[in-house]
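Biologist: I would like to go through this structure with you step by step. Shall we take it as short questions and short answers?

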Amino acid sequence: MGNFQGGEIKTLKGHNSDVNSVAFSPDGNIIASASTDGTIKLWNLQGEEIKTLLGHEGSVWSVAFSPNSTIITASWDSTIKLWDLQGNEINTIHNGYSSMVFSVVFSPDGKTIASGHADGTIKLWNLQGYVIKNLEGHGSVVFNVAFSPDSKIIATASWDNTIKLWNLQTQEIKTLKGHTGSVWDVVFNYSGNIIATASYDKTIKLWNLQGHTIKTLEGHTNRVNSVAFSPDNNIASGSSDNTVKLWNLQGHLIKTLKGHYSDVNSIAFSPDGNTIASASTDSTIKLWNNW
């Protein structure tokens with residue numbers, strides 16, 4: 001492909017509909033992808049499909065790994081499922097009522113699951129699948145949830161144009177306002193002092209924990225669906241303009257990665273920061289060199 005493609009390494013083909021979410025295992029050796037086709041696929045770094053996880057009855061919207069490599073998935077079928085690396089279903093968490101689950105994530109300490117729902121709520125679950133806490137405050141769909149590295153703060157991104165920070169110790173909630181469109185993604189950097197958000201307003205914003213905007217990253221020509229931090233604080237963003245963009249913490253655009261034929265829905269850095277995975281509506285996942 002050459003450098004003009006921004007270092008595209010591989011295209012992972014196998015899904016037959018939109019790929020909505022992508023994640024690396026903690027050791028960086030496995031990539032998991034979740035699709036509107038109702039499946040989750042596991043791939044190796046050579047781009048070979050290892051396993052297809054079957055069991056959801058609707059679009060799979062979100063996939064993530066726990067610190068010990070349990071896979072967790074969220075679906076429009078209103079369930080959350082846990083799987084092992086062999087593709088066996090460990091547990092199904094039934095939401096209890098029919099609110100679609102848009103996102104799901106493990107806390108970094110591995111003890112708690114957080115999910116974002118179509119009805120605007122965020123639920124915290126224990127590993128047995130029981131609700132510990134119900135967080136209410138958003139006015140619309142919660143598209144994404146993220147834990148701080150110390151597992152004490154949850155950030156949530158919503159269709160209501162806001163981000164909320166929930167302090168699980170003090171119960172204090174901060175609302176981050178500044179985007180002029182729905183917020184599709186939220187993520188903490190590795191040191192936990194900066195939050196990045198991706199919005200329908202075509203921008204990425206960087207915030208401090210006090211809720212103030214540090215920087216607005218502009219350059220995408222359509223909505224930004226996903227944002228991720230590398231271990232060394234570079235930022236990757238995926239957009240409905242079909243591109244992946246790389247930025248530094250100062251907000252300068254480093255590189256634009258072109259190759260997808262449709263919306264880029266999800267972005268993930270490998271744990272070592274050397275590889276970027278991007279998931280697209282074009283039914284593929286692409287791997288790129290981050291150097």
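Modeller: Let us begin with a term: contact means heavy atoms within 4.5 Å. Keep in mind that this is a predicted model.

Biologist: Which residues is Ser182 in contact with, leaving aside its neighbours within four places in sequence?
Modeller: Ser182 sits in the loop between strand 17 and strand 18. Its neighbours within four places are left aside here. The contacts are then Phe143, Ser158, Trp159, Asn161, Ala198, Ser199 and Tyr200.

Biologist: Is Ser182 buried or exposed?
Modeller: Buried means under 20% relative accessible area. Ser182 has a relative accessible area of 5%, so the residue is buried.

Biologist: And Glu172, which residues does that one contact, with neighbours within four places left aside?
Modeller: Glu172 is in the loop between strand 16 and strand 17 (173-176). Its relative accessibility is 42%, so Glu172 counts as partly exposed. With neighbours within four places in sequence left aside, its contacts are Leu165, Trp166 and Asn167.

Biologist: How far apart in space are Glu172 and Ile195, C-alpha to C-alpha?
Modeller: In sequence, Glu172 and Ile195 are 23 residues apart. In space, C-alpha to C-alpha, the separation is 17 Å.

Biologist: Now the rings. What describes a pair of aromatic rings?
Modeller: Two values do the job. They are the distance of the centres and the angle of the planes.

Biologist: How many aromatic pairs are there?
Modeller: Ring centres must lie within 6.5 Å to pair. By this rule the count is nine.

Biologist: What kind of pair do Trp61 and Phe102 form?
Modeller: Their centres are 5.3 Å apart, and the angle between the planes is 80°. Planes over 60 degrees apart count as edge-to-face. The pair of Trp61 and Phe102 is therefore edge-to-face.

Biologist: Where do these two lie in the chain, and how many residues apart are they?
Modeller: Trp61 is in strand 6 (residues 60-65). Phe102 is in strand 10 (residues 101-106). The pair links distant parts of the chain, 41 residues apart.

Biologist: Is Phe102 buried or exposed?
Modeller: Its partner Trp61, at 22% relative accessibility, counts as partly exposed. Phe102 has 8% relative accessibility, so Phe102 counts as buried.

Biologist: Why is the pair of Trp159 and Trp184 classed as it is?
Modeller: The ring centres are 6.5 Å apart. The planes meet at 70°, so the pair is edge-to-face.

Biologist: Which parts does this pair of Trp159 and Trp184 tie together?
Modeller: They are 25 residues apart in sequence. Trp159 belongs to the loop between strand 15 (153-158) and strand 16 (163-167). Trp184 belongs to strand 18 (residues 183-188).

Biologist: Which residues form one aromatic cluster?
Modeller: Both of the pairs we discussed have their rings in it. The cluster is made of Trp61, Trp76, Phe102, Phe143, Trp159, Trp184 and Tyr200.

Biologist: Which residue lies over the face of Trp184?
Modeller: Trp184 counts as buried, at 15% relative accessibility. A charge lies over its face, at 4.7 Å from the ring centre. That residue is Arg223.

Biologist: Which residue forms a salt bridge with Arg223?
Modeller: The closest N and O atoms are 3.9 Å apart. A salt bridge needs a nitrogen within 4 Å of a carboxyl oxygen. Both partners are buried. The partner is Asp263.

Biologist: How many salt bridges does the structure hold?
Modeller: One of them joins Glu49 and Lys41, with the closest N and O atoms 3.1 Å apart. Another joins Lys81 and Glu89, at 3.2 Å from N to O. The structure's count is four.

Biologist: Is Lys41 buried or exposed?
Modeller: Its partner Glu49 is partly exposed, with a relative accessible area of 39%. Lys41 has a relative accessible area of 7%, so Lys41 is buried.

Biologist: Last, the open sheet of four strands. What is its order?
Modeller: The pairing is antiparallel. The edge strands, strand 1 (8-13) and strand 26 (264-269), each pair on one side only. The order is 1-28-27-26.

Biologist: How many bridges join strand 27 to strand 28?
Modeller: Strand 27 (residues 275-280) and strand 28 (residues 284-289) run antiparallel. Ala277 stands opposite Leu287 in strand 28. The number of bridges is five.

Technical notes
Residues are numbered from 1 along each chain as its sequence is written. This is a predicted model: local features need pLDDT of at least 70, side-chain atom pairs count only at pLDDT 80 or more; totals for chains, interfaces and linings use all residues. Side-chain values use heavy atoms; hydrogens and water are left out. Rings of Phe, Tyr and Trp (its six-membered ring) pair if their centres lie within 6.5 Å; planes under 30 degrees apart count as stacked, over 60 as edge-to-face and the rest as tilted. Buried means under 20% relative accessible area, exposed over 50%, partly exposed in between (1.4 Å probe, protein chains only). A charge sits over a ring if NZ of Lys or CZ of Arg is within 6 Å of the ring centre and within 35 degrees of the ring normal. Two strands pair if DSSP finds at least two bridges between them. A salt bridge is a side-chain nitrogen of Lys or Arg within 4 Å of a carboxyl oxygen of Asp or Glu.
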